[in-house]
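Subject: A structure for you to look at

Hi,

Here is the structure I promised to pass on. Please open it alongside this message, and my notes will follow below.

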Amino acid sequence: MQHTMDEEKYIPGIYNYCDRWCEQCRYTDRCYSFQMEVEAGLTAEDKDISNPKFWEHVSNNMKKALEMLHQHAEEMGIDLDNLPDVEEPLPSKKVVELTEHWTKLHDDYLDKADAFFEENKDYFPEKGHESIRWVEMGIKGENETLAFWQDVTNKREIIGWYLYFIGAKISRALNGYDEINDEHWDSPLQSDSYCTSRILVIAIERSMAAWQVFLGAFPEKENEILDMLTLLDKLRRQVVAVFPDWQKTMPGVEW
Ligand code: SF4
């Protein structure tokens, strides 16, 4: 009965629609992917894609998945080596246009964010030294200054985490968009596309909230930050217009 217990314990497919930030996730106990990584002895460092151990784990998982697929196909009498050729349908005009438009917004955002951190790589340490001087002169409190920089560091991490993630989720949400009404989803809200839209909107919103903190902290950088916020806001509005019920996907899961 282990199988039934596991089914109750794990939230089906949750790892497909999360932000992969396991260190911050409240569902590690109920995530099959995370538990498999724990069983494989993977640490956060091992999950770095430049680490060979990560690729070894991916390869082992692929082998397991293929074995399960072959076993399942055999049980169903399907010969996987002789499947009929199926022509992939072309994406609709709407998907092509949305992909082009959203990718352009994301690319512009990416360029601006990369340039922002590159061009200001001396600015932030200077601001840090300035803060230390203020504390030494008694103009600012030590705890207040520490909290300020902790907040900035935390928001910088959030911005970095979602920078490329947003692009990957745009592709996934739109790739499946033409199939959201297919019968094999019990409802459009359970389609891969719709479920992906939720984490996409969340990633954009969290990035925007993080940039808002930067705006408050470094008002002299207002123009650059507002440019990025405008791009993210445009993207968010368009995603929400295409997926108006994004909040209703994955009920019971709170990110
Ligand atoms: S659901 Fe949570 S634990 Fe599982 S992969 Fe996603 S972030 Fe990691």
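Let me begin with R20, which is partly exposed because 13 C-beta neighbours fall inside 10 Å, above the limit of 12 for exposed and short of the 20 needed for buried. Before going further, please keep in mind that this is a predicted model. R20 sits in the loop between α1 (2-9) and α2 (32-39). Its backbone deserves a look too: R20 has a positive phi of about 60 degrees, although it is not a glycine. As background, most residues other than glycine have a negative phi.

R20 also belongs to the surroundings of the ligand. The residues around the ligand are I14, Y15, C18, R20, W21, C22, C25, Y27, T28, C31, S33 and F34. By class, this shell divides into nine nonpolar residues, two polar and one charged. Since Arg counts as charged, R20 is the charged member of the shell.

There is another residue with a positive phi to check, M250. The phi of M250 is near 45 degrees, and M250 is not a glycine either. M250 is found in the segment after α8. Is M250 buried or exposed? M250 is buried, because 22 other C-beta atoms lie within 10 Å, and 20 are enough for that class.

Now for the chain as a whole. The secondary structure comes to eight helices and zero strands, so the pattern along the sequence reads α-α-α-α-α-α-α-α. Along its principal axes, the C-alpha trace spans about 80 × 45 × 35 Å. The chain has 255 residues, of which 18% count as buried. Among contacts between residues at least 6 apart in sequence, 63% join residues at least 24 apart.

On confidence, the average pLDDT of the chain is 91, and 96% of the residues score at least 70. Residues 1-5 are a stretch to treat separately: pLDDT stays under 50 there, and the model has zero contacts for them beyond four places in sequence.

The domain assignment gives domain 1 (2-82) and domain 2 (93-248). Their C-alpha centres lie 28 Å apart. How many residues of each domain are in contact with the other? Four residues of domain 1 are in contact with seven residues of domain 2. On the domain 1 side, the touching residues divide into three nonpolar, no polar and one charged.

L90 falls in the loop between α3 (52-75) and α4. L90 counts as exposed because it has 9 C-beta neighbours inside 10 Å, and 12 or fewer puts a residue in that class. L90 and D178 are 88 residues apart in sequence, yet their C-alpha atoms are 9.6 Å apart in space.

The pair G138 and D186 is worth setting beside that one. G138 and D186 are 48 residues apart in sequence and 63 Å apart in space, C-alpha to C-alpha. G138 is in the loop between α5 (123-137) and α6. G138 is exposed, because 8 other C-beta atoms lie within 10 Å and the limit for that class is 12.

Then there is the nonpolar core. The largest one has 33 residues, and those with the most contacts inside it are L200, I204, M228 and L235. The elements that give two or more residues to this core are α4 (93-119), α6 (142-175), α7 (192-217) and α8 (222-242). Which of the elements gives the most? That is α7, with nine residues.

L200 is a good place to start when you look at this core. L200 lies in helix α7, and it counts as buried because 29 C-beta neighbours are inside 10 Å, where 20 would do. Leaving aside its neighbours within four places in sequence, L200 is in contact with I166, K169, I170, A173 and V239. To place L200 against the G138 loop, the two residues are 62 apart in sequence and 44 Å apart in space, C-alpha to C-alpha.

I would be glad to hear your thoughts once you have had a look.

Best wishes

Notes
Residues numbered from 1 in each chain as written. Predicted model: local features only at pLDDT ≥ 70, side-chain atom pairs only at ≥ 80, totals over all residues. Near = placed C-beta within 6 Å. Helix = DSSP H or I, 4+ residues; strand = E, 2+ residues; numbered from the N terminus. Contact = placed C-beta atoms within 7 Å. Domains from an automatic or database assignment. Core = buried A, V, L, I, M, F, W, Y, C linked by C-beta atoms within 7 Å. pLDDT = per-residue confidence, 0-100.
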